Amino acid sequence: MDIPLESPERRKMLQAALGAAGGIAAAGIAVPFVESMEPSEAARAAGAPVEVDIGGLEPGKLITVEWRGKPVWILHRTDAMLASLKDHDALLADPSSRQSEQPRQAANPARSLKPPFLVLIGICTHLGCVPTFRPEPGSPDLGAAWPGGFYCPCHGSRFDLAGRVFKNVPAPANLVVPDYRYIGESRLLIGTSA
């Protein structure tokens with residue numbers, strides 16, 4: 001059955017085909033355009049929040065993630081680690097963290113939203129070195145009074161298991177607690193608060 005060239009049926013069929021082709025072309029243009037508005041990997045690394053699953057983090061263990069090009073530590077403190085936090089305030093320069101950078105919700109002795117989990121930017125507040133995790137109390141090289149914490153090998157700054165700085169070390173302030181919040185029982189979002 002031939003449809004005449006000037007018939008209304010042929011015109012409707014051509015319009016439908018042209019409309020479908022136009023829709024496909026529009027989608028082909030729109031998808032990359034919309035995707036181009038998503039932040040790039042570089043932009044995400046530069047400041048977008050980072051989601052971290054801490055469900056498998058064992059007590060006493062520390063993991064490091066990257067946020068804004070900086071190492072962020074997440075430490076699952078044991079009950080003994082938490083109990084030790086109140087035993088050495090006299091050795092600390094800022095035990096109440098009054099002169100230190102931390103979110104309002106982390107202004108407590110544990111410096112965290114949930115005491116077992118500590119979230120810190122792993123950069124010394126002296127000159128930007130990365131301290132080492134030294135959780136064992138009483139160390140031959142750090143002294144019998146060492147309660148466990150973080151030691152900066154560059155210039156000898158020491159921080160306890162809440163990231164609070166000891167007296168008489170080069171670091172001027174406690175380690176920074178970044179903005180973060182829980183988005184589930186075992187998921188953190190670093191880089192944003194409530």
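**Close-up views of a predicted model**

**View 1. Leu 62 meets its partner across the β2-β3 hairpin.** Leu 62 has Leu 75 as its bridge partner in β3. Keep in mind that this is a predicted model. The two strands here are β2, residues 62-67, and β3, and they pair in the antiparallel sense over 6 bridges. Together β2 and β3 make a hairpin, with 2 residues between them. Look for Arg 68 in that turn: its phi is positive, at about 55°.

**View 2. Strand β3 from its other neighbour, β4.** On this pairing, β3 and β4 (residues 117-121) run antiparallel and are joined by 5 bridges. A handy landmark is Val 72, which stands opposite Ile 121 in β4. How many of the 7 residues of strand β3 are buried? The count is 5, so β3, spanning residues 70-76, is largely enclosed by the rest of the structure.

**View 3. Inside the largest nonpolar core.** This core has 39 residues. If you want to find your way around, start with Ile 74, Phe 150 and Ile 190, the residues with the most contacts inside the core. The elements giving two or more residues to it are β2, β3, β4, β6 (149-151), β8 (180-184) and β9 (187-190). Which element gives the largest share of this core? That would be β4, with 5 residues.

**View 4. An open sheet in the order β1-β9-β8.** Here 3 strands line up, and the pairing is antiparallel. The edge places go to β1 (50-53) and β8; each has a single partner strand, so one side of each is left without a neighbour in the sheet. Going from one strand to the next, the twist averages 30°. For the β8-β9 part of the sheet, 4 bridges join the two antiparallel strands. Gly 184 is a good place to zoom in, as this residue stands opposite Arg 187 in β9.

**View 5. Tyr 180 and Tyr 182 with a lysine alongside.** The structure holds 4 aromatic pairs. In the pair shown here, the ring centres of Tyr 180 and Tyr 182 are 6.3 Å apart and the planes sit at 65°, so the pair is edge-to-face. Are these two tyrosines buried or exposed? Tyr 180 has 0% relative accessibility and therefore counts as buried. Tyr 182, at 17%, counts as buried too, because the cut-off for that label is under 20%. Now bring in Lys 114: it lies over the face of Tyr 182, at 4.1 Å from the ring centre.

**View 6. A second open sheet, β5-β6-β7, and an aromatic cluster.** This sheet has 3 strands with antiparallel pairing. Both β5 (132-134) and β7 (158-160) stand at the edges with a single partner strand each, so one side of each is left without a neighbour in the sheet. The twist averages 25° from one strand to the next. Between β5 and β6, which run antiparallel, there are 3 bridges. One of the residues to pick out is Phe 133, whose bridge partner in β6 is Phe 150. These phenylalanines also turn up together in one aromatic cluster, where Trp 73 joins Phe 133 and Phe 150. Phe 150 is a familiar face by now, being among the residues with the most contacts inside the largest nonpolar core.

**View 7. Ser 84 in helix α3.** Helix α3 covers residues 79-84, and Ser 84 lies within it. With a relative accessibility of 15%, Ser 84 counts as buried. What does Ser 84 touch once its neighbours within four places in sequence are set aside? The contacts are with Pro 147 and Leu 161.

**View 8. Stepping back to the whole chain.** There are 3 helices and 9 strands in the chain. Follow the sequence and you'll read the pattern α-α-β-β-β-α-β-β-β-β-β-β. Of the 194 residues in the chain, 36% are buried. As for contacts in the chain between residues at least 6 apart in sequence, 54% join residues at least 24 apart.

Note on methods. Residues are numbered from 1 along each chain as its sequence is written. This is a predicted model: local features need pLDDT of at least 70, side-chain atom pairs count only at pLDDT 80 or more; totals for chains, interfaces and linings use all residues. Side-chain values use heavy atoms; hydrogens and water are left out. Buried means under 20% relative accessible area, exposed over 50%, partly exposed in between (1.4 Å probe, protein chains only). Two strands pair if DSSP finds at least two bridges between them. A nonpolar core is a set of buried Ala, Val, Leu, Ile, Met, Phe, Trp, Tyr and Cys residues joined through side-chain atoms within 4.5 Å. Axes are lines fitted to C-alpha atoms, for helices over the stretch in contact, and angles run from 0 to 180 degrees between N-to-C directions. Rings of Phe, Tyr and Trp (its six-membered ring) pair if their centres lie within 6.5 Å; planes under 30 degrees apart count as stacked, over 60 as edge-to-face and the rest as tilted. A charge sits over a ring if NZ of Lys or CZ of Arg is within 6 Å of the ring centre and within 35 degrees of the ring normal. Contact means heavy atoms within 4.5 Å.
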